[in-house]
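This report walks through helix packing, sheets and annotated domains. Keep the structure open while reading.

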Amino acid sequence: MSAQPDLLYSEDEEALRAAVRDLLNDHCDAAGVIARAETDAPHDRELWKLLADGMGLAGLLVPEEQGGQGATHREVAVVLEELGRSVAPVPFLTSAVVATEALLAGDAGDLLADLASGRRIGALAVALNVSAGSAYKVVRFEDGALHGELTGIADAAVADVLLVPADDGGLYAVDASAATVTPQVSLDLTRPLAKVTLDGAPGRLLGDAEPAVRRALRAGAGLLASEQLGLAEWTLTETVRYLKERKQFNRPVGGFQALKHRLAQLWLEVVNLRAAARNAADQLATGGADADLAVAVAQAFAAPVAVHAAEEALQLHGGIGMTWEHPVHLCLKRAKADSIAYGTAGAHRAALAELVDLQAP
């Protein structure tokens with residue numbers, strides 16, 4: 001029988017949250033994120049350097065003997081909650097979580113140390129919409145080189161090393177300078193997608209692709225729920241604050257019963273999402289037997305809640321919420337993009353049904 005999950009935050013986790021939030025308050029204001037989104041370089045490299053090098057967050061999942069912090073998925077989840085609140089344009093999820101998990105499944109100590117220190121940024125060359133256990137596109141390995149095209153690769157534009165699955169079953173590390181990375185139109189401008197083209201690129205074999213990709217995508221999906229939680233919580237908090245200040249008929253708009261009901265329903269959804277996200281993080285951290293189940297539950301629930309919270313925030317902010325200058329559109333775009341990242345809610349519900357042997361009618 002598996003141990004009961006610990007859904008509460010420890011003192012260390014709360015201290016980590018406070019430190020990350022303080023840094024983001026100082027270096028990741030909404031106006032700056034929006035300004036970067038209007039350029040060809042939306043990623044904030046200076047912020048990433050502060051997070052990765054200054055605070056050591058890029059190496060949270062990497063063991064200390066390999067140059068990391070030796071922390072767990074619980075601490076990573078706390079960081080992602082804060083990054084979700086700010087819609088921070090940094091490759092934390094793609095490099096410090098997904099790429100790192102893929103490397104942990106193989107033998108790549110030097111690459112792990114580089115990613116943990118923030119000296120290099122990694123990206124798993126699997127489309128962002130692919131879930132753990134699903135089929136994914138591979139490139140051709142021929143005469144010692146890689147050939148092919150992969151699309152929908154998140155944060156490939158800032159990656160220094162690409163982890164590429166090939167048709168021989170191997171996972172290869174490819175220097176980004178040996179690939180052609182072409183930006184694609186992305187709904188979420190703070191986590192842009194790109195097409196990666198390999199034309200005879202040399203690669204270093206890291207190990208078997210299938211277990212590495214599965215491990216990476218499972219962790220990505222489970223911890224993405226924490227990012228969605230942070231985003232949903234911020235939009236709810238900001239909407240409540242705005243409705244207390246905005247007046248109509250000489251009274252706060254938030255005093256109208258119909259709006260109170262909508263906010264109360266949203267609060268319940270966010271509270272339930274917190275439980276699901278914390279359970280997923282705890283199961284991943286402890287290597288629990290129910291980790292697959294916890295991840296499926298979290299992602300089946302997280303996407304609809306995050307999208308609902310952002311949509312309600314946009315609508316309840318009225319005209320100001322429709323403007324480019326207000327950050328709520330960043331939240332809605334991130335929530336929408338996250339809703340298909342590492343598998344849709346429907347895909348995770350199907351996986352959940354299979355895990356508990358619940359047959360379709």
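In this predicted model, α7 passes α10 in a left-handed crossing. Helix α7 spans residues 209-245, and helix α10 spans residues 328-338. Their axes come within 11 Å and cross at roughly 150 degrees. Angles over 145 degrees count as roughly antiparallel, so α7 is roughly antiparallel to α10.

Which residues make this contact? From α7 come Leu224, Glu227, Gln228, Leu231, Trp234 and Thr235. They meet Cys331, Arg334, Ala335 and Asp338 in α10. By class, the residues of the contact of α7 with α10 are five nonpolar, two polar and three charged.

**The α4 and α5 pair**

Helix α4 covers residues 73-86, and helix α5 covers residues 92-104. The two pack at an angle of about 155 degrees, with their axes 11 Å apart. That angle makes α4 roughly antiparallel to α5. Here α4 passes α5 in a left-handed crossing. On the α4 side, the contact uses His73, Val76, Val79, Leu80 and Leu83. On the α5 side, Phe92, Leu93, Val97 and Glu101 take part. The contact of α4 with α5 has seven nonpolar residues, one polar and one charged.

**The mixed sheet**

Four strands form an open sheet in the order β1-β4-β5-β8. The pairing is mixed. Which strands are at the edges? They are β1 (122-124) and β8 (204-208), and each pairs on one side only. Neighbouring strands of this sheet are turned by 25 degrees against each other on average, direction ignored.

Strand β4 takes in residues 161-165. It runs parallel to β1, and three bridges join the two. To find this pairing on screen, look for Ala123, which stands opposite Leu162 in β4.

Helices also lie on this sheet. Helix α5 lies across β1, β4, β5 (170-175) and β8. It runs at about 65 degrees to β1. Helix α7 also lies across β1, β4, β5 and β8. Its angle to β8 is about 80 degrees.

**The antiparallel sheet**

Another open sheet of four strands has the order β2-β3-β7-β6. Its pairing is antiparallel. The edge strands are β2 (140-142) and β6 (180-183), each pairing on one side only. The twist averages 15 degrees from one strand to the next.

How many bridges link β3 and β7? Strand β3 (residues 145-154) and strand β7 (residues 193-201) pair in the antiparallel sense over seven bridges. Within this pairing, Glu149 has Thr197 in β7 as its bridge partner.

**Annotated domains**

Two domain annotations come from an unreviewed UniProt entry. The table sets them beside values computed from the model.

| UniProt annotation | Residues | End C-alpha separation | Helix | Strand |
|---|---|---|---|---|
| Acyl-CoA dehydrogenase/oxidase N-terminal | 10-97 | 21 Å | 62% | 0% |
| Acyl-CoA dehydrogenase/oxidase C-terminal | 213-354 | 20 Å | 77% | 3% |

The N-terminal annotation covers residues 10-97. That span is 62% helix and 0% strand. The C-terminal annotation covers residues 213-354. There the helix share is 77%, with 3% strand.

Methods
Residues are numbered from 1 along each chain as its sequence is written. This is a predicted model: local features need pLDDT of at least 70, side-chain atom pairs count only at pLDDT 80 or more; totals for chains, interfaces and linings use all residues. Side-chain values use heavy atoms; hydrogens and water are left out. Axes are lines fitted to C-alpha atoms, for helices over the stretch in contact, and angles run from 0 to 180 degrees between N-to-C directions. Angles under 35 degrees count as roughly parallel, over 145 as roughly antiparallel, 65 to 115 as roughly perpendicular and the rest as oblique. A crossing is left-handed if the near helix is turned anticlockwise from the far one by less than a right angle, and right-handed if clockwise. Contact means heavy atoms within 4.5 Å. Ala, Val, Leu, Ile, Met, Phe, Trp, Tyr, Cys and Pro count as nonpolar, Asp, Glu, Lys and Arg as charged, and the others, Gly among them, as polar. UniProt positions are given in the numbering used here, feature names are shortened, and annotations may be inferred rather than shown by experiment. Two strands pair if DSSP finds at least two bridges between them.
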